[in-house]
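Hello,

Here is the structure I promised to pass on. Please open it first, then read my notes below.

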Amino acid sequence: MNAIDHQFMQLALRQAALGQNSAAPNPSVGCVLVKNGHVVGAGFSQPAGGGVVKGAPGAHAEVMALSVAGDLARGATAYVTLEPCSHHGRTPPCADALLKAGVVRVVAALTDPNPLVAGQGLARLAAAGLEVSSGLLHAVALEHHKGFISRMVRARPWLTVKMGASLDGRTALANGQSQWITGPAARSDVQKLRARSCAMLTGVGTVLADDPQLTVREFAVERQPLRVVVDSLLRTPPGAKLFNQAGVLIVGAQENAAKRQALESAGAEVLILADAHGRVDLAALLNELGRRGCNQVTAEAGGVLVGALFEAALVDEMLLYQAPVIIGDMAKGMAMLDLNDLNHKLQAKVVERRLVGDDLRLTLRFTDAGEFYVG
């Protein structure tokens, strides 16, 4: 690999970013076709139901790039952020499309963890005489594809907890008031996070206190995230703002026919997932969201649910927006945890620090995607 290869893989990763809000359940792959040092085609994964490129619902990045390149694809090198698929899903195999188009070299950033592919795409291309390789800009591609990889390898989405807090680590006053601790720039930034998320996860306490919508509102999106409420006793009001748009899942721990009917009449799907203690089984819930094709889930919740997610070792990442304000030690904390030994503290890796308006955004990592992905 040389500097030119790196340059074109970077272009493929930029293409991949264009589909990050809409490609799920597919991975948001980017592909660039290069011939004689010039880009002759580029594309990214399309929404499964169509929407970005007319007439190409669910088209993969390679197919989109080939459609742009046309006959110029013959003799070209394909740079892809994830191994070309080798199986028939919603669309035919991309490996076959590359072969038919006459591509002579394929450079992939990552091999595909999907057991239906898992190296078979590159193997098929190599067997046909193409020059193939993988691993270029591996770490960058792993970061981009971490949600899809998590679902393929761990059978659950990548879970990010988003929180807004004061300098003294408080998220709401004792009376529940939390709007607004952070500034408008931070709140706008959160809209981008929601757009990338397949589902937004919250607790019934947050619904009762803040009546949030948990939708993307500042710009157009191909799809709104599923809104998921952890609500053991089905206390979510049927008139909550969550129901202003379709796509609400209420997850309880105890069946109640009357409450179920009221919530379903409001437009919700109700699912009962109880653990041995009569609470919502959070691990089973994430597995269910993975089964439904969710690659990335973001939790915007209070300390009770956040603490429970940490206790269950389900949090992969936290995005903390810390405002330059102090609201006192009687206010509510970020996570309800009962630790009696500092050796049990939850240690995060600081991935990024960035000012967003007047607030500090910290990206804190509790899981390294490289821990569960080998490829």
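**The strand in the middle of my notes: β12**

M200 stands opposite T298 in strand β12. Keep in mind that the model is predicted. M200 belongs to a pairing with strand β8, residues 199–203. β8 and β12 run parallel, and 3 bridges join them.

Strand β6, residues 158–165, also pairs with β12. Here there are 4 bridges, and again the strands run parallel. Look for V161: its bridge partner in β12 is A299.

Which residues of β12 are buried on each side? Q296 and T298 lie on one side, V297 and A299 on the other, and all are buried. Both faces of β12 (residues 296–299) are therefore covered. Side chains in a regular strand alternate between the two faces of the sheet.

**Cysteines**

How many disulfides are there? The count is 0. C94 has a cysteine sulfur 3.7 Å away, that of C85, which is its nearest, but C94 is in no disulfide. The cut-off is 2.5 Å, so that pair does not qualify. C94 is buried, with a relative accessible area of 1%.

C198 is a similar story. The closest cysteine sulfur belongs to C294 and is 5.1 Å from that of C198, so it is too far for a bond. C198 is buried too, at a relative accessible area of 11%.

**T171 in strand β7**

T171 sits in β7, which spans residues 170–172. Is T171 buried or exposed? Its relative accessibility is 14%, and the limit for buried is under 20%, so T171 counts as buried. Its side chain reaches the backbone oxygen of G333 at 3.4 Å. G333 also appears among the contacts of T171, once neighbours within four places in sequence are left aside. The others on that list are M163, G164, A165, S178, I181, K332 and M334.

**Helix α2**

Helix α2 covers residues 61–69. Its buried residues are A61, E62, M64, A65, L66 and A69. What do they pack against? The partners are three strands and a helix: β1 (30–35), β2 (38–44), β3 (77–80) and α3 (94–101). C94, the buried cysteine from above, falls within the α3 range.

G70 follows α2. Its phi is positive, near 60 degrees.

A good place to begin is β12 with its two parallel partners, β6 and β8. Then turn to T171 and its contact with G333.

Best wishes

Technical notes. Residues numbered from 1 in each chain as written. Predicted model: local features only at pLDDT ≥ 70, side-chain atom pairs only at ≥ 80, totals over all residues. Heavy atoms only, no water. Buried < 20%, exposed > 50% of the residue type's maximum accessible area, 1.4 Å probe, protein only. Contact = heavy atoms within 4.5 Å. Polar contact = N/O pair within 3.5 Å; in protein donor to acceptor, adjacent residues only side chain to side chain. Pairing = 2+ DSSP bridges.
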